[in-house]
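Reader: Could you take me through one part of this model closely, keeping to the helix packing and what surrounds it? I would like a connected account rather than a list.

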Amino acid sequence: MNNTAKKSLGQHFLTDKNMIAKIIGQISPRETDNIVEIGPGKGALTRSLLDSGCRLTSLELDTRFACEWKEKEKDFPHFRCIEGNVLLLDWTPYLPCDKLVGNIPYNISRPLLYKIFSYRRDIDLAVLMVQKEFAEKIIARLGDPSYGVVSVLSQLFCKTAYHFNVPPEVFSPPPHVMSACITLAFRNLDIDDVLLLNIVHSAFQQRRKTLQNSLHMYYSPELITDFPWKERADTISPEEYLRLLRILSAEHRMI
């Protein structure tokens, strides 16, 4: 595959064999796995995944690569390539899966992470390469400068782990930023995802205000002792947001 990278698609192809092996080590593909890959591109990870004998579905936006990978389906009966925009595709036909893997274009990191969250009940583990700055937001703890919406949601939905940096020189063309390999091990958390997103987004949209003000639509005097309303969005933990969600869910059930 000699197709050049398209800047418009944020393509940077992994070329370093040692780094590829290191990432495959995190994925640890097995013959019994059902794996969904985002953006196979030239196949840095895809070839090793196919060699493992796993059941593999690759989602590819770029028609050039999608056509070439579709040709491989006849050689690998447990492989299929789906052409389309990963943000717009319905993932339901390819789930549940044991592992979701991919080198994520920087310009779609946040919306793609949210889409992954929307399917989290059908994904066991995600192994992703993302921009280092975005990885730091995912793992940021209370008190860290990067702590925000992404941190709260990621740590409630998953057990997050930052494994290693992926430097620009292992890509072609090299990006202008450092990348990182992370894993998200999804928790079995039975909650109202939409309400949680609304609470966390509303809180951080006005992060300088107290939660009583930024979440005024959820506040009532009866709840004054149940939650630290006088705190700000970035001064309470993900677990406190979860506690508020459960308080509000219980209140709603009583109405």
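Author: In this predicted model, the contact between helix 6 and helix 7 is made by Val149, Val152, Leu153, Leu156 and Phe157 on the helix 6 side, and by Asp193, Leu196, Leu197, Val200, His201 and Phe204 on the helix 7 side. By class, nine of the residues in this contact are nonpolar, while one is polar and one is charged. Helix 6 covers residues 149-157 and helix 7 covers residues 193-205, and their axes come within 9 Å of each other while crossing at roughly 150 degrees. Since angles over 145 degrees count as roughly antiparallel, helix 6 and helix 7 are therefore roughly antiparallel to each other. The crossing in which helix 6 passes helix 7 is right-handed.

Helix 6 also has a second helical partner, helix 4, which spans residues 109-118. The axes of helix 4 and helix 6 come within 11 Å and cross at roughly 25 degrees, so that helix 4 runs roughly parallel to helix 6. This crossing, of helix 4 and helix 6, is left-handed. Helix 4 contributes Arg110, Leu113, Tyr114 and Phe117 to the contact, and helix 6 contributes Val149, Val150, Leu153, Ser154 and Phe157. Sorted by class, the contact of helix 4 with helix 6 holds seven nonpolar residues, one polar and one charged. Val149, Leu153 and Phe157 of helix 6 thus appear in the contact with helix 7 and also in the contact with helix 4.

From Phe157 the path leads on to Phe186, a residue of strand 9. With a relative accessibility of 13%, Phe186 counts as buried, the cut-off for that class being under 20%. Leaving aside residues up to four places away in sequence, Phe186 touches Ile116, Phe117, Arg120, Ile123, Asp124, Leu125, Ala126, Phe157 and Cys158. Among these neighbours, Phe117 also takes part in the contact of helix 4 with helix 6, as does Phe157. Leu197, which belongs to the contact of helix 7 with helix 6, lies eleven residues from Phe186 in sequence, and the C-alpha atoms of the two are 17 Å apart in space.

Helix 1, residues 17-27, can be read alongside this region, and its buried residues are Met19, Ile20, Ile23, Ile24 and Ile27. Viewed down the axis of helix 1, these buried residues fall within an arc of 140 degrees, so they line one face of the helix. Asn18 and Gly25, on the other side of helix 1, are exposed. The buried residues of helix 1 pack against several elements, including helix 2 (46-51), strand 2 (34-38), strand 5 (97-103), strand 6 (123-131) and strand 7 (158-166). In the loop between helix 1 and strand 2 sits Ser28, whose phi is near 50 degrees, a positive value in a residue other than glycine. Ser28 is partly exposed, at a relative accessible area of 38%.

Two further loops deserve a look for their backbone geometry. The peptide bond from Leu95 to Pro96 is cis, with omega near 5 degrees, and Pro96 is placed in the loop between strand 4 (79-83) and strand 5. The bond from Ser172 to Pro173 is likewise cis, with omega near -10 degrees, and Pro173 belongs to the loop that connects strand 8 (171-172) and strand 9 (179-186). That loop brings the account back to strand 9, where Phe186 is found.

Note on methods. Residues are numbered from 1 along each chain as its sequence is written. This is a predicted model: local features need pLDDT of at least 70, side-chain atom pairs count only at pLDDT 80 or more; totals for chains, interfaces and linings use all residues. Side-chain values use heavy atoms; hydrogens and water are left out. Axes are lines fitted to C-alpha atoms, for helices over the stretch in contact, and angles run from 0 to 180 degrees between N-to-C directions. Helices (H or I, at least four residues) and strands (E, at least two) are DSSP runs, numbered from the N terminus. Angles under 35 degrees count as roughly parallel, over 145 as roughly antiparallel, 65 to 115 as roughly perpendicular and the rest as oblique. A crossing is left-handed if the near helix is turned anticlockwise from the far one by less than a right angle, and right-handed if clockwise. Contact means heavy atoms within 4.5 Å. Ala, Val, Leu, Ile, Met, Phe, Trp, Tyr, Cys and Pro count as nonpolar, Asp, Glu, Lys and Arg as charged, and the others, Gly among them, as polar. Buried means under 20% relative accessible area, exposed over 50%, partly exposed in between (1.4 Å probe, protein chains only). The arc is that of the directions from the helix axis to the C-beta atoms.
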